[in-house]
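Got the structure open in your viewer? Here's a tour, stop by stop, with something to select at each one.

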Amino acid sequence: MKSPFFLTVFIGLLVTSIYAEDKPARPNFLFILTDDHGYGDVSAYGANDVLTPNIDRIGKEGIQFTAMRANCTVCSPSRAAFLTGKYADRVGVPGVIRTQPEGTWGWFAPSEKTLADKLRESGYHTALIGKWHLGLTTPNTPNERGFDHFHGFLGDMMDSYTTHRRNGQNYMRLNSETITPKGHATDLFSEWTCDYLREQADSEKPFFLFLAYNAPHYPIQPPAESLAKVKARHPEMKDGRAKNVAFVEHLDDGIGRVLKTLDETGLAENTVVVFTADNGGSLPHHQSNHPWRGGKQQHYDGGLRVPFFIRWPARIQTPSQSDYPGLIFDAFPTFLELAGAEIPTDLDAKSLVPIIDGKTETQPRELYFVRREGGTYKGESYHALIHGDWKLLRNDPFTPYELYNLKQDPKEQQNLAEKEPNKFKELSARLQTHIQKGEAIPWKPPSK
């Protein structure tokens with residue numbers, strides 16, 4: 001007969017073994033970021049002329065956020081914020097990083113660890129497929145900023161979605177190798193993603209995949225068959241709008257192929273999928289931010305409000321909606337927390353894990369926005385701040401600040417700057433604190 005001691009040890013080992021088998025594996029992460037994708041160009045948010053069933057599916061099977069905003073009204077700063085969990089000017093990217101140095105208004109601080117760095121240190125395989133837009137040369141290429149695998153486009157925008165050039169230069173890469181793939185960029189990024197997912201299905205490592213489409217950023221170039229479908233469905237639709245609708249629907253088809261691959265590989269159950277955009281849609285290019293005022297480059301909510309969904313079947317089993325007013329960089333601490341990784345203490349972002357677990361976040365949130373730009377902006381910055389129900393903003397560096405009560409006036413129609421001087425003064429002081437922090441960080445590389 002075995003002694004009580006050995007019996008106790010045996011039972012303990014048995015319980016530990018059962019617990020280890022039942023304990024869920026760390027999730028994979030798929031962060032899908034589209035480019036200039038307006039709130040009103042996703043059918044789940046009320047669009048009645050564009051069909052996005054695959055994008056909608058992510059929300060229908062998870063959480064649809066109705067009050068999320070991008071970190072900036074343009075591309076590079078939102079990407080820098082997402083990858084660091086910090087406001088973009090605090091990591092050296094207050095404006096767009098372009099392929100022409102004279103038009104560049106940011107330098108992604110090499111000292112900052114990215115989400116890819118942090119997850120790789122925690123045992124994840126990390127990949128970026130699609131648009132980078134945070135640097136063309138060392139030390140700011142994707143493989144130098146935490147990504148094990150890069151298959152995509154280094155630059156800011158494509159002059160053509162089929163030639164993939166920018167100012168005559170080829171910025172398509174497979175890691176550090178220059179490549180010349182054939183096909184529409186949206187299709188290429190979707191295909192490369194499906195290939196990556198099939199490879200990862202056989203891996204013991206969890207993965208973090210940042211899938212960053214160029215679409216629907218202009219030039220608006222849908223495939224002919226996509227445009228024909230839209231015109232057949234909406235013969236009365238103006239050509240500019242029809243092209244944009246077709247462009248978005250072609251993008252949605254690609255995301256559908258990605259979701260299908262997750263299903264087919266068995267990865268879907270334990271993969272956290274986030275879908276969002278880097279800023280609002282461009283009004284001159286017939287994109288929709290309905291029902292919000294304004295669009296890309298503006299601090300009105302049309303330039304900032306973006307679609308945002310989280311799906312994770314292993315943990316989010318009851319679809320829901322959330323009106324939490326966050327920013328897309330909140331995915332940074334969310335992913336780290338879910339991965340069991342160390343979360344830095346100096347972040348500006350906040351984890352969305354409580355909302356994933358069905359809790360209601362009630363504490364007021366202060367949200368800060370900045371953009372630096374050349375041309376008519378003369379290299380100056382302009383800013384916005386949301387504190388509670390109030391929003392202070394301007395849309396260029398030279399016009400007076402405007403003040404809105406978002407609870408009473410969500411479409412920002414009544415400027416209260418003169419009627420509410422105390423609130424204007426309070427938000428101005430809060431904004432100045434943010435500006436001082438950001439202005440202390442260099443946005444140009446050091447002189448050689």
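Start by selecting Ala127 and Leu209: Leu209, in strand 9, is the bridge partner of Ala127. Keep in mind as you click around that this is a predicted model. Now widen the selection to residues 125-131, which make up strand 3; this strand runs parallel to strand 9, and 6 bridges join the two.

**Strand 9 and its other neighbour**

Select residues 207-212 to get the whole of strand 9. How many of the residues of strand 9 are buried? The count is 6 of 6, so to speak a strand that is mostly covered. Turn on the side chains: Phe207, Leu209 and Leu211 point one way, while Phe208, Phe210 and Ala212 point the other way, and every one of them is buried. In general, side chains in a regular strand alternate between the two faces of the sheet.

Now add strand 1, residues 28-34. Strand 1 and strand 9 are parallel too, with 5 bridges between them. For a handy landmark, label Phe31, which sits opposite Phe210 of strand 9.

**Out to the whole sheet**

Colour the strands in the order 8-7-4-3-9-1-10-11-2-12 and you have an open sheet of 10 strands with mixed pairing. At its edges are strand 8 (177-178) and strand 12 (320-322), each of which pairs on one side only.

For an antiparallel stretch, pick strand 10 (residues 271-277) and strand 11 (residues 308-311), which are joined by 4 bridges. Thr276 is the residue facing Phe308 of strand 11.

**Helices across the sheet**

Show residues 239-265 next. This is helix 7, lying across strand 1, strand 9, strand 10 and strand 11, at about 175 degrees to strand 1. Then show helix 2, residues 53-60: this one lies across strand 1, strand 2 (63-65), strand 10 and strand 11, and runs at about 60 degrees to strand 11.

Helix 7 has a helix partner as well. Select helix 5 (residues 185-200) and you'll find the two packed at an angle of about 10 degrees, their axes 9 Å apart. At that angle, helix 5 is roughly parallel to helix 7. To look at the contact itself, show side chains on both helices: helix 5 contributes Thr186, Asp187, Ser190, Thr193, Cys194, Leu197 and Arg198, and helix 7 contributes His250, Leu251, Gly254, Ile255, Arg257, Val258, Thr261, Leu262 and Thr265.

**A stop at Asp35**

Go to Asp35, in the loop between strand 1 and helix 2. Is Asp35 buried or exposed? Its relative accessibility is 0%, so Asp35 counts as buried. Leaving aside residues up to four places away in sequence, Asp35 touches Cys75, Arg79, Lys131, Tyr213, Asn214, Ala215, Pro216, His217 and Asp278.

**The four-stranded sheet**

Move on to another open sheet, with 4 strands in the order 13-14-15-16 and antiparallel pairing. Strand 13 and strand 16 (402-405) are the edges; each has a single partner strand, so one side of each has no neighbour in the sheet. Ignoring direction, neighbouring strands here are turned by 10 degrees against each other on average.

Zoom in on strand 13, residues 366-373. With 7 of its 8 residues buried, it is largely enclosed by the rest of the structure. Strand 13 pairs with strand 14 (residues 380-387) in the antiparallel sense over 8 bridges, and Tyr368 stands opposite Leu385 of strand 14. Follow the chain through the hairpin between them: there are 6 residues between the strands, and Gly375 takes a positive phi near 60 degrees.

Leu385 is worth keeping selected, as its bridge partner in strand 15 is Leu392. Strand 14 and strand 15 (residues 390-393) run antiparallel, joined by 4 bridges. Finally, bring in helix 11, residues 421-439, which lies across strands 13, 14, 15 and 16 and runs at about 125 degrees to strand 14.

**Zoom out**

Show everything: the protein has 11 helices and 16 strands. Its radius of gyration is 23 Å, close to the 22 Å that the globule rule gives for 448 residues, so it is as compact as a globular protein of that length. The C-alpha atoms fill a box of roughly 90 × 55 × 55 Å along the principal axes. Of the 448 residues, 60% count as buried.

Key
Residues numbered from 1 in each chain as written. Predicted model: local features only at pLDDT ≥ 70, side-chain atom pairs only at ≥ 80, totals over all residues. Heavy atoms only, no water. Pairing = 2+ DSSP bridges. Contact = heavy atoms within 4.5 Å. Axes fitted to C-alpha atoms, helices over the stretch in contact; angles between N-to-C directions. Rg over C-alpha atoms; globule rule 2.2 N^0.38 Å. Buried < 20%, exposed > 50% of the residue type's maximum accessible area, 1.4 Å probe, protein only. Parallel < 35°, antiparallel > 145°, perpendicular 65-115°, else oblique.
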